[in-house]
Amino acid sequence: MIIAVDGPAASGKGTIARALARHYGVPHLDTGLLYRAVALSLARAGGDPADAAEAEAATAFPDALLADPELREEATGALASRVSAHGGVRAALMERQRGFAAQPGGAVLDGRDIGTVIVPDADAKLYVTASPQVRADRRVREMEQHGISADREAMVAEIIARDARDMGRDNAPLMQADDADLLDTSNLTIEQAIQRAIALVDARLECHGKM
Ligand code: C5P
C-alpha cells in the first residue's frame with residue numbers, strides 16, 4: 001500500500017503523513033528532508049544555489065546529515081526550495097524515493113511531487129493545504145515552542161514566496177494530482193485532520209480492494 005501526501009510548507013502534511021504511517025503500520029519518508037540535506041550540504045560547501053552543477057553535486061550528501069538539527073530551520077527550507085528547482089537535483093533524488101516506496105508492505109511518502117511524479121500509481125493520494133495565514137501562525141507557534149521568536153508578517157511573506165517558487169518551477173511543480181483528494185486543514189484541529197485523512201485513504205483503499 002503506497003500513500004502519497006503532497007502539499008505546501010506548513011500545511012500539516014508531515015504530521016498527517018506520520019499519523020497515516022502509524023495507523024496503517026508502514027514506514028514513512030519525509031522527502032523534504034532530502035532536499036533540505038542537499039541545501040545544507042551546498043551551503044556548508046559555500047556553493048551557489050543558482051548553479052545547477054554545484055547543487056547536483058550536493059546530492060551526494062552523507063546519510064548522517066539527515067539527522068542534523070539545522071535541517072529543520074526555516075532558512076534551510078527556503079534554500080531547499082531553490083536547489084529543488086534544478087532538474088538534476090530532482091533526478092538524483094528520485095531513485096532513493098522510489099526505492100523507499102517500493103519496499104514490501106508499502107510506505108507513506110510526503111513531499112511536493114509524490115503523487116504526480118515519484119509514485120503516480122500510489123493507492124491513495126492526499127493534497128493537504130491551508131491558507132498562508134494559518135500556515136504562518138502554525139510555524140510561528142512551533143518556533144516559539146522551541147524558544148525562537150518569529151515575526152508573523154515576515155513568515156506569511158516567506159510562505160507565500162516559497163509557494164510561488166514551488167508551484168511556479170518548470171520541474172515537478174507543486175500541484176494537486178488529478179486523482180488526489182483535497183484536504184484543507186485551515187479550520188481543523190490536528191486530530192480532526194488526521195481522522196479526515198484516514199477516512200479519505202480508507203475510501204480509496206476500499207475502491208482498490210485493498211481493505
Ligand atoms: O517539505 P519541506 O518544507 O521540508 O521541503 C523543503 C523544500 O524542498 C520545499 O519548499 C520544496 O521546494 C522542496 N521539496 C520538493 N519536493 C519534495 C519535497 C520537498 O521540491 N518532494
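**Exercise 1.** In this predicted model, which backbone atom lies 2.7 Å from a polar atom of the side chain of Asp-123? Work out the surroundings of Asp-123 as well.

*Solution.* Begin with the position along the chain: Asp-123 sits in the loop between α6, residues 114-118, and β4. Next, search around the polar atoms of the Asp-123 side chain, where the backbone nitrogen of Ile-2 is found at 2.7 Å from one of them. Then set aside the neighbours within four places in sequence, and the residues in contact with Asp-123 are Met-1, Ile-2, Arg-204, Leu-205, His-208 and Lys-210. Finally, consider accessibility: the relative accessible area of Asp-123 is 10%, and because buried means under 20%, Asp-123 counts as buried.

**Exercise 2.** Determine the strand order of the sheet, and explain why β2 and β5 each have one side without a neighbour in the sheet.

*Solution.* Tracing the pairings gives an open sheet of five strands, which pair in parallel in the order β2-β3-β1-β4-β5. Since β2 (28-30) and β5 (181-184) stand at the edges, each has a single partner strand, and so one side of each is left without a neighbour in the sheet. From one strand to the next, the twist averages 20°. At the β5 edge, the parallel pairing with β4, residues 124-129, runs over four bridges, and Tyr-127 stands opposite Leu-182 in β5.

**Exercise 3.** Which strands does helix α1 lie across, and which does helix α5 lie across?

*Solution.* Helix α1, residues 13-24, lies across β1, β2, β3, β4 and β5, running at about 180° to β3. Helix α5, residues 87-101, lies across β1, β2 and β3, and its angle to β3 is about 145°.

How values were computed: Residues are numbered from 1 along each chain as its sequence is written. This is a predicted model: local features need pLDDT of at least 70, side-chain atom pairs count only at pLDDT 80 or more; totals for chains, interfaces and linings use all residues. Side-chain values use heavy atoms; hydrogens and water are left out. Two strands pair if DSSP finds at least two bridges between them. Helices (H or I, at least four residues) and strands (E, at least two) are DSSP runs, numbered from the N terminus. Axes are lines fitted to C-alpha atoms, for helices over the stretch in contact, and angles run from 0 to 180 degrees between N-to-C directions. Contact means heavy atoms within 4.5 Å. Buried means under 20% relative accessible area, exposed over 50%, partly exposed in between (1.4 Å probe, protein chains only). A polar contact is a pair of N or O atoms within 3.5 Å; within protein, one must be able to donate a hydrogen and the other to accept it, and residues adjacent in sequence count only if both atoms are side-chain atoms.
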